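Thanks for making time this morning. I would like to walk through one model with you, beginning at the ligand and ending with the domains.

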Amino acid sequence: QTRVLTGITTSGTPHLGNYVGAIRPAIGASRRADVDAFFFLADYHALIKCGDAARVERSRLEIAATWLAAGLDPARVTFYRQSDIPEIPELTWFLTCVTAKGLLNRAHAYKAAVDRNNETGEDPDAGVTAGLYMYPVLMAADILAFDAHKVPVGRDQIQHIEMARDIGQRFSHLYGQDFFVLPEVAIEEDVATLPGLDGRKMSKSYDNTIPLFEGGAKGLREAIMRIVTDSRAPGEPKDPDSSALYTIFRAFADDAESAAYRQALVDGIGWGEAKQRLFERIEAELAPMRERYDALIAKPAAIEEILRAGAAKARAVATPKLATIREAIGLRAMG
Ligand code: TYM
């Protein structure tokens, strides 16, 4: 059995990048007979970037409904909310005590914040919380507490998985015992970094996302029409390789469809027409899910029930794991 684990931060509306980078491959993996899947809502991570309680609550509901609409089967998958698992913050502290500060200095998210401050002449740590700094340790605990083998994520998370391995290894080395499975990233090369409206990585922080379901088919079409293109007129050949439209299209199409789309661009199809075709391709995949999503989001109590049951399943793994660790590091007498 391979344990596959992944999470999404509950600080915004799920977007196409989350779907192709994490949700779709994770659901695919969860259907395999040899996979034991753990998918969760990273609501402790949400607090790092978002102090808006209503937004965190809304985002949790949207992300949970998205997972379920995309085909997550709660009978097969352990589906839970991070903050329902007290073993996660406990393990975070244990790992914190062995994590080199220098390792965290190198984390991309922290470094990016410091670089921005340096550029504007601010104090390097202005606006940087200890939460942002500790982000990789919390994420290591998410993964190590469940002995995950594979973590399906987009490219932006690779460093975090590598850090989880480092931190887990360091902990085991210090206490002279192999406590954890060391996780590996599972990446789908083609969709590892989906571009957003402006061609940069689609990201909540860049405000360039295309929401999956929010706004309905109309909202999806409007967002796609806003994707930035160059000024080539209809009839002029377009360069597929520098076009976000083509990259996004490929994430939703098979090879033959992608080749036809590519050819249409080279043949000089207008950008408006190219966007319409992209919309139709994505809509064909999302429309049936959107119906399920709309039904689910109207029933928050049913979602709560699923998450509560999932937390019990998750804790059945994490509670004995943490009991072993507590003993091994001298906090409890050896049983
Ligand atoms: P988050 O919430 O930023 O993103 C969730 C998942 O979506 C992927 N993703 C993308 N993939 C391709 N192209 C994009 N433009 C794009 N944007 C986002 C992300 O790579 C991610 O897989 N720290 C994590 C959540 C987390 C986690 C974990 C993940 C917490 N603990 C343990 C795995 C294991 C995060 O903030 O992802």
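In this predicted model, 26 residues surround the ligand, and those that come nearest are Thr-9, Gly-17, Gly-21, Val-153 and Gly-154. Two or more residues of that shell are given by each of strand 1, which covers 2–9, helix 1, which covers 16–30, and helix 7, which covers 130–144. Strand 1 has the largest share, with five residues. Sorted by class, the shell around the ligand holds 12 nonpolar and 11 polar residues, together with three charged ones.

Let me turn to a pair of helices. Helix 10, residues 244–251, packs with helix 11, residues 255–266, at an angle of about 165 degrees, and their axes lie 10 Å apart. Since angles over 145 degrees count as roughly antiparallel, the two helices are therefore described as roughly antiparallel to each other, and helix 10 passes helix 11 in a right-handed crossing. On the helix 10 side the contact is made by Tyr-246, Phe-249 and Arg-250, while helix 11 brings Ser-258, Tyr-261, Arg-262 and Leu-265. By class, this contact has four nonpolar residues, one polar residue and two charged residues.

Finally, the domains. The domain assignment gives domain 1 as 2–195 + 299–328 and domain 2 as 213–294, and their centres, taken over C-alpha atoms, are separated by 31 Å. In the contact between them, 10 residues of domain 1 meet 10 residues of domain 2. On the domain 1 side, helix 3, residues 53–69, gives the most, with three residues, and that side divides into seven nonpolar, two polar and one charged.

Key
Residues are numbered from 1 along each chain as its sequence is written. This is a predicted model: local features need pLDDT of at least 70, side-chain atom pairs count only at pLDDT 80 or more; totals for chains, interfaces and linings use all residues. A residue is near a molecule or strand if its C-beta atom, placed from the backbone, lies within 6 Å of it. Helices (H or I, at least four residues) and strands (E, at least two) are DSSP runs, numbered from the N terminus. Ala, Val, Leu, Ile, Met, Phe, Trp, Tyr, Cys and Pro count as nonpolar, Asp, Glu, Lys and Arg as charged, and the others, Gly among them, as polar. Axes are lines fitted to C-alpha atoms, for helices over the stretch in contact, and angles run from 0 to 180 degrees between N-to-C directions. Angles under 35 degrees count as roughly parallel, over 145 as roughly antiparallel, 65 to 115 as roughly perpendicular and the rest as oblique. A crossing is left-handed if the near helix is turned anticlockwise from the far one by less than a right angle, and right-handed if clockwise. Two residues are in contact if their C-beta atoms, placed from the backbone, lie within 7 Å. Domain bounds come from an automatic or database domain assignment.
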